[in-house]
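Please open the model in a viewer and keep the sequence panel at hand. The tour below proceeds by selections, each followed by a description of what is found there.

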Amino acid sequence: MLYWLYELLNFNLLSYITVRAAVSFCVAFILTLWWMPRFIRWAKARGATQPIYSHAPGQHKIKHNTPTMGGVIFTLSALVAIFIAADLSNPFVLIGALLLAAFGAIGVFDDWRKVFHKKNDAGLTPRLKFIAQVSFATLIGWLLISFSPLGTELYLPFIKEPVIDLGWWMLLFWIVVIVGASNAVNLTDGLDGLAAVPSVFALSTLVVFMYITGHAIMSQSLLMPTLIGVGEVVVLATALIGGLLGFLWY
């Protein structure tokens with residue numbers, strides 16, 4: 001929306017990635033802070049609390065009334081912030097937002113089944129969850145290869161030329177990266193929002209690399225590949241960071 005206003009009004013300030021990244025962070029953070037207490041009240045009233053695994057330690061079982069599915073709040077907040085601040089004609093942004101929504105939907109469906117059946121093991125089976133993750137990752141990888149300037153060449157930091165052209169093997173690479181990253185977060189996660197801080201640090205690191213790679217002068221100075229357009233994903237990442245920090249508050 002802001003980028004559309006820039007094009008309509010020729011207001012150059014709105015064209016800067018840094019400005020729109022700050023806006024996306026603030027929007028997602030404020031929306032999450034506003035939605036979370038309302039969601040917590042709704043979850044407690046509806047009994048949407050996390051069932052505890054029967055073999056969990058006793059100290060863990062005292063948290064059985066902790067509301068679950070809070071991830072839907074910071075995910076929705078991030079998507080709203082992306083819609084407001086990002087350039088929606090950018091293929092990287094559209095594919096990234098689709099990825100966020102798709103994997104968020106897997107998590108929400110899994111949690112909803114656990115809440116509905118009041119059993120921790122009533123969610124998606126590992127096989128079904130893995131099939132869903134691989135299916136969405138395959139779609140995202142195909143979109144990246146087919147409809148973005150990313151291509152199939154593999155780069156390493158501080159090496160300006162591609163190391164190898166993987167061709168359609170790049171699809172397998174993206175599946176491993178996406179599914180691996182998703183499950184890394186799941187393994188870190190817990191009732192106390194344990195995945196929030198590691199995710200914020202990981203996203204902050206990626207923000208630096210994406211901004212430099214999308215900046216022609218900086219990328220040349222730091223001996224990194226230049227990929228015009230990928231810097232816009234910074235707006236998506238800062239929206240998710242803002243949502244995660246708002247979630248961490250609670």
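The stops that follow lead from the whole chain to helix pairs and single residues.

**The whole chain**

Begin with everything displayed, bearing in mind that this is a predicted model. The chain contains 10 helices and two strands. Followed along the sequence, these elements are arranged as α-α-α-α-α-α-β-β-α-α-α-α. Of the 250 residues, 38% count as buried. For contacts between residues at least 6 apart in sequence, 66% join residues at least 24 apart.

**Helix H2: Val23 and Thr32**

Select helix H2, residues 17–46. Valine 23 lies in this helix, and its relative accessible area of 26% makes valine 23 partly exposed. Add isoleucine 84 to the selection: the C-alpha atoms of valine 23 and isoleucine 84 are 8.5 Å apart, although the two residues are separated by 61 residues in sequence.

Move along H2 to threonine 32. Is threonine 32 buried or exposed? Its relative accessible area is 0%, so threonine 32 is buried. The side chain of threonine 32 reaches the backbone oxygen of alanine 28 at 2.7 Å. Beyond residues up to four places away in sequence, threonine 32 touches Ile73, Phe74, Ser77, Gly243, Gly246 and Phe247.

**Helices H4 and H10**

Next, select helix H4 (residues 71–85) together with helix H10 (residues 233–249). Their axes are 8 Å apart, and the helices pack at an angle of about 145 degrees. The crossing of H4 and H10 is right-handed. Display side chains for the contact: H4 supplies Phe74, Ala78, Ala81, Ile82 and Ala85, while H10 supplies Val235, Leu236, Ala239, Leu240, Gly243, Leu244 and Phe247. Sorted by class, this contact has 11 nonpolar residues, one polar residue and no charged residues.

Within H10, center the view on leucine 236. Leucine 236 counts as buried, at 10% relative accessibility. Which residues does leucine 236 touch, not counting residues up to four places away in sequence? They are Ile82, Val93, Gly96 and Ala97. A distance label between the C-alpha atoms of leucine 236 and alanine 81 should read 8.0 Å, for two residues 155 apart in sequence.

**Helices H8 and H10**

Keep H10 displayed and add helix H8, residues 196–213. The axes of H8 and H10 come within 9 Å and cross at roughly 160 degrees. The two helices are therefore roughly antiparallel to each other. H8 passes H10 in a left-handed crossing. On the H8 side, the contact is made by Ala196, Val197, Ser199, Val200, Leu203, Ser204, Val207, Met210 and Tyr211. On the H10 side, the contact is made by Val233, Val234, Ala237, Thr238, Leu240, Ile241, Leu244, Leu245 and Leu248. By class, the contact of H8 with H10 has 15 nonpolar, three polar and no charged residues.

**Thr213 and the loop before H10**

Remain with H8 and select threonine 213. With 15% relative accessibility, threonine 213 counts as buried. A polar atom of the threonine 213 side chain lies 2.7 Å from the backbone oxygen of phenylalanine 209. Leaving aside neighbours within four places in sequence, threonine 213 is in contact with Ser219, Met224, Pro225, Thr226, Leu227 and Val230.

Then select leucine 223, which is in the loop between helix H9 (216–221) and H10. At 47% relative accessibility, leucine 223 counts as partly exposed. Inspect the backbone here: phi of leucine 223 is near 55 degrees, a positive value in a residue other than glycine. Most residues other than glycine have a negative phi.

**Helices H6 and H7**

For the last stop, select helix H6 (residues 126–147) and helix H7 (residues 169–188). Their axes come within 8 Å and cross at roughly 135 degrees. H6 and H7 are therefore oblique to each other, and H6 passes H7 in a right-handed crossing. Among the contact residues of H6 are Phe130, Val134, Ile140, Trp142 and Leu144. The contact residues of H7 include Met170, Trp174, Ile178, Ser182 and Asn186. By class, the contact of H6 with H7 has 13 nonpolar, six polar and no charged residues.

Key
Residues numbered from 1 in each chain as written. Predicted model: local features only at pLDDT ≥ 70, side-chain atom pairs only at ≥ 80, totals over all residues. Heavy atoms only, no water. Axes fitted to C-alpha atoms, helices over the stretch in contact; angles between N-to-C directions. Helix = DSSP H or I, 4+ residues; strand = E, 2+ residues; numbered from the N terminus. Parallel < 35°, antiparallel > 145°, perpendicular 65-115°, else oblique. Left-handed = near helix turned anticlockwise from the far one by under 90°. Contact = heavy atoms within 4.5 Å. Nonpolar A, V, L, I, M, F, W, Y, C, P; charged D, E, K, R; others polar. Buried < 20%, exposed > 50% of the residue type's maximum accessible area, 1.4 Å probe, protein only. Polar contact = N/O pair within 3.5 Å; in protein donor to acceptor, adjacent residues only side chain to side chain.
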